[in-house]
Amino acid sequence: MNIQIINGPNLNLLGVREPELYGEQTFGGYLAQLQADNPGVEIGFFQSNIEGEIIDKIQESGFQSDGIILNAGGYTHTSVAIRDAIKAVPAPVIEVHISNVHAREEFRHHSMLSAVCLGVIAGFGVDSYRLALNALIHRKK
Ligand code: CA2
């Protein structure tokens, strides 16, 4: 099984800035543990602050992988183009958020992406990614 994680803008700052909101763990450290706990799954990781690069990665991995775990960061709330890319690929996409977006500012309550994703997981810290991975692993097709 091959799963691609895609992180959007500013998520490269995880564990470095705003630990009260996004936790103290770096994503690299978390990912190493997630991979070690799931040896049967090949987990790819990509982060970009650039919308077009995220779209390129969705197009590429969306035809090659068994699923995508996408935290599009702030683009979640704005990007028609990322929504179109998700809709265009056959791989299931799970939208994840570290924070509970519904407990935050109103502009974070709406996602451009949710309707074209398999599902949404938000508010469990970085463990939102583990929950998404488990959902893809145990998914009944
Ligand atoms: O909760 C999430 O995962 C978000 O996708 C994070 C985005 C935010 O715009 C979404 O509404 C919810 C922001 C990512 C910023 O990441 C940082 C991480 C550490 C320090 C500063 C920013």
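**Exercise 1. Find how β1 and β2 are joined, and place them in the sheet.**

Let's start with the strand pair: β1 and β2 run parallel and are joined by six bridges. Strands are DSSP runs of E with at least two residues, helices runs of H or I with at least four, numbered from the N terminus. Two strands count as paired if DSSP finds at least two bridges between them. One bridge to look up is that of Ile-6, whose partner in β2 is Phe-46.

A word on the ground rules: this is a predicted model, in which local features need pLDDT of at least 70 and side-chain atom pairs count only at pLDDT 80 or more, while totals for chains, interfaces and linings use all residues. Residues are numbered from 1 along each chain as its sequence is written, and side-chain values use heavy atoms, with hydrogens and water left out.

Next, widen the view. The open sheet has five strands in the order β2-β1-β3-β4-β5, with parallel pairing. β2 and β5 (119–122) are at the edges with a single partner strand each, so one side of each has no neighbour in the sheet. From one strand to the next, the twist averages 20°.

**Exercise 2. Work out which side of α3 is buried and what it packs against.**

First, list the buried residues of α3 (residues 51–61): Ile-54, Ile-55, Lys-57, Ile-58 and Ser-61. Buried means under 20% relative accessible area, exposed over 50%, and partly exposed in between (1.4 Å probe, protein chains only). These residues cover an arc of only 160° around the axis, which puts them on the same side of α3. The arc is taken from the directions from the helix axis to the C-beta atoms.

Second, find the partners. The buried residues of α3 pack against β1, β2, β3 (67–71) and α4 (80–88), where contact means heavy atoms within 4.5 Å. The helix α3 lies across β1, β2 and β3, at about 170° to β1; axes are lines fitted to C-alpha atoms, for helices over the stretch in contact, and angles run from 0 to 180 degrees between N-to-C directions.

Third, look at Lys-57. Its relative accessible area is 16%, so Lys-57 is buried. Not counting residues up to four places away in sequence, Lys-57 touches Gln-4, Ile-6, Phe-46 and Gly-62.

**Exercise 3. Describe the buried side of α2 and its aromatic rings.**

Begin with the helix: in α2 (residues 27–37), Phe-27, Tyr-30, Leu-31 and Leu-34 are buried. They cover an arc of only 100° around the axis, which puts them on the same side of α2. The face turned away from that side carries exposed Gly-28, Ala-32 and Ala-36. Among what covers the buried residues are β1 (2–7), β2 (42–47) and α5 (127–137).

Now turn to the rings. Rings of Phe, Tyr and Trp (its six-membered ring) pair if their centres lie within 6.5 Å, with planes under 30 degrees apart stacked, over 60 edge-to-face and the rest tilted. By this rule there are four aromatic pairs. Phe-27 and Tyr-129 have ring centres 4.7 Å apart and planes at 65°, so this pair is edge-to-face. The pair links distant parts of the chain, with Phe-27 in α2 and Tyr-129 in α5, 102 residues apart. Both Phe-27 and Tyr-129 are buried.

Finally, follow the links: ring pairs join Phe-27, Tyr-30, Phe-45 and Tyr-129 into a cluster.
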